[in-house]
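Please open the structure in your viewer and keep the selection tool at hand. The tour moves from one selection to the next and describes what is found at each stop.

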Amino acid sequence: MVEELVAAGVSLASVGVVYVMSAARVVKQYERGVVFRLGRLTSNVRGPGFTMIVPFVDKLRKVNLQIVTMPVPAQEGITRDNVTVRVDAVVYFKVVDASDAIVQVEDYRFAVSQMAQTSLRSIIGKSDLDDLLSNREKLNQGLELMIDSPAMGWGVQIDRVDIKDVSLPETMKRSMARQAEADRERRARVINADAELQASKKLAEAAQQMEDTPSALQLRLLQTVMAVAAEKNSTLVLPIPVELLRFLERAPGQMPAAPAVPPQPVQEQLPPAEPRLDPDPGGSNSRQD
């Protein structure tokens with residue numbers, strides 16, 4: 001009798017261990033458990049920790065609540081200004097309602113991925129090339145709103161959407177490079193012209209100062225000679241006194257004017273008289289002796 005009781009107790013313990021093992025579940029901290037009892041969703045969502053379900057009656061599905069990083073495949077489209085581009089992005093989202101993520105959509109990851117691709121192509125068609133290259137923050141916000149609107153019904157919240165890269169055709173890259181080079185050359189010419197203008201103003205002020213103080217020009221000449229001599233080269237410097245230069249500058253203005261020469265009367269020269277030829281050398285009226 002005792003042996004039968006022991007055997008029955010061992011059997012019951014074995015059954016209990018098997019029941020506990022089949023009913024026991026462990027939900028991690030970043031997960032939530034959704035229980036279906038005979039195919040119907042129960043109202044309570046199991047939190048993290050140890051939990052029990054009814055074997056062969058309940059079915060537990062775990063949902064990850066961590067932020068998911070999903071790359072969006074590159075989408076090729078035509079911008080509003082008729083430029084063919086290829087854009088890829090990345091979506092950050094998380095599940096905020098485990099029950100809706102299981103019940104409302106078959107596969108919320110696949111649904112978010114398809115919605116992100118469709119929204120990205122729509123954003124490409126509505127934007128200009130300059131907006132895709134320089135105004136990405138605004139496009140990211142618009143893309144986030146387009147994906148987040150239907151995702152809220154799936155128990156999914158879009159945390160962030162970023163456009164990663166914009167690929168351009170080679171011809172467009174060369175055109176943009178030529179435009180940038182021309183713009184840099186234009187700015188360089190403007191800077192050089194501005195520098196020449198400022199230098200000319202300073203030189204004019206320096207010339208005015210040297211004109212008021214003649215010794216300043218002599219000192220500047222001596223400084224130039226010292227600078228050339230310090231380099232130890234074969235340059236020959238012949239300084240010219242400033243006074244000589246000033247004398248040469250004043251010389252043409254102080255030279256006396258040459259006396260005016262009165263005009264000489266022009267004598268008209270007659271051509272020499274030609275010898276007169278007598279048509280009758282002997283003379284028709286001459287007397288004959």
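Select V34 together with R61: V34 stands opposite R61, a residue of β5. The model on the screen is a predicted one. Now widen the selection to the whole of β2, residues 31-37, and of β5, residues 58-64. These two strands run antiparallel, and seven bridges join them. Another pair to pick out is R37 and D58, since D58 in β5 is the bridge partner of R37.

Turn next to β3, residues 40-46. It is joined to β2 by four bridges, and this pair too runs antiparallel. To see one facing pair, select G33 and R46: G33 stands opposite R46 in β3.

Display the three strands together. They make up an open sheet in the order β3-β2-β5, with antiparallel pairing. β3 and β5 are the edge strands, each with a single partner, so one side of each has no neighbour in the sheet. On average, neighbouring strands here are turned by 30° against each other, direction ignored. As a general point, the strands of a sheet pair through backbone hydrogen bonds, and the pairing may be parallel or antiparallel. Is β2 mostly covered or uncovered? It is mostly covered, as five of its seven residues are buried.

**The turn at L38**

Select L38, in the loop between β2 and β3. What is the phi of L38? It is near 55°, a positive value in a residue other than glycine. The hairpin of β2 and β3, to which this residue belongs, has two residues between its strands. L38 counts as exposed because its relative accessibility is 68%, and the cut-off for that class is over 50%.

**A second loop, at N82**

Move to N82, in the loop between β6 and β7. Phi of N82 is near 60°, again a positive value in a residue other than glycine. With a relative accessibility of 67%, N82 counts as exposed.

**The second sheet**

From N82, extend the selection to β6, residues 68-78, and β7, residues 84-95. Nine bridges join these strands, which run antiparallel. To find one bridge, select P71 and V90: V90 in β7 is the bridge partner of P71.

Add β8, residues 156-167. The result is an open sheet of three strands in the order β6-β7-β8, with antiparallel pairing. Which strands stand at the edges? They are β6 and β8, each with a single partner strand, so one side of each is left without a neighbour in the sheet. Neighbouring strands of this sheet are turned by 25° against each other on average, direction ignored.

**The helices on the sheet**

Keep the sheet visible and select α3, residues 108-126. This helix packs on the sheet and touches β6, β7 and β8. The direction of α3 makes about 35° with that of β6. Then select α5, residues 136-151, which also packs on the sheet, touching β7 and β8. The direction of α5 makes about 140° with that of β8.

Now hide the strands and look at the two helices alone. The axes of α3 and α5 come within 10 Å and cross at roughly 140°. The two helices are therefore oblique to each other, and their crossing is right-handed.

Show the side chains where the helices meet. On α3, select M115, A116, S119, L120, S122 and I123. On α5, select L139, G142, L143, M146, I147 and P150. By class, this contact has nine nonpolar residues, three polar ones and no charged ones.

**Just before α3**

Select D107, in the loop between α2, residues 98-103, and α3. D107 counts as partly exposed because its relative accessibility is 39%. Add W154 and compare the positions of the two C-alpha atoms: the residues are 47 apart along the chain, and these atoms are separated by 9.7 Å.

**The whole chain**

Finally, clear the selection and display the entire protein chain. It holds eight helices and eight strands. Of its 289 residues, 22% are buried. Among contacts between residues at least 6 apart in sequence, 65% join residues at least 24 apart.

Methods
Residues are numbered from 1 along each chain as its sequence is written. This is a predicted model: local features need pLDDT of at least 70, side-chain atom pairs count only at pLDDT 80 or more; totals for chains, interfaces and linings use all residues. Side-chain values use heavy atoms; hydrogens and water are left out. Two strands pair if DSSP finds at least two bridges between them. Axes are lines fitted to C-alpha atoms, for helices over the stretch in contact, and angles run from 0 to 180 degrees between N-to-C directions. Contact means heavy atoms within 4.5 Å. Angles under 35 degrees count as roughly parallel, over 145 as roughly antiparallel, 65 to 115 as roughly perpendicular and the rest as oblique. A crossing is left-handed if the near helix is turned anticlockwise from the far one by less than a right angle, and right-handed if clockwise. Ala, Val, Leu, Ile, Met, Phe, Trp, Tyr, Cys and Pro count as nonpolar, Asp, Glu, Lys and Arg as charged, and the others, Gly among them, as polar. Buried means under 20% relative accessible area, exposed over 50%, partly exposed in between (1.4 Å probe, protein chains only).
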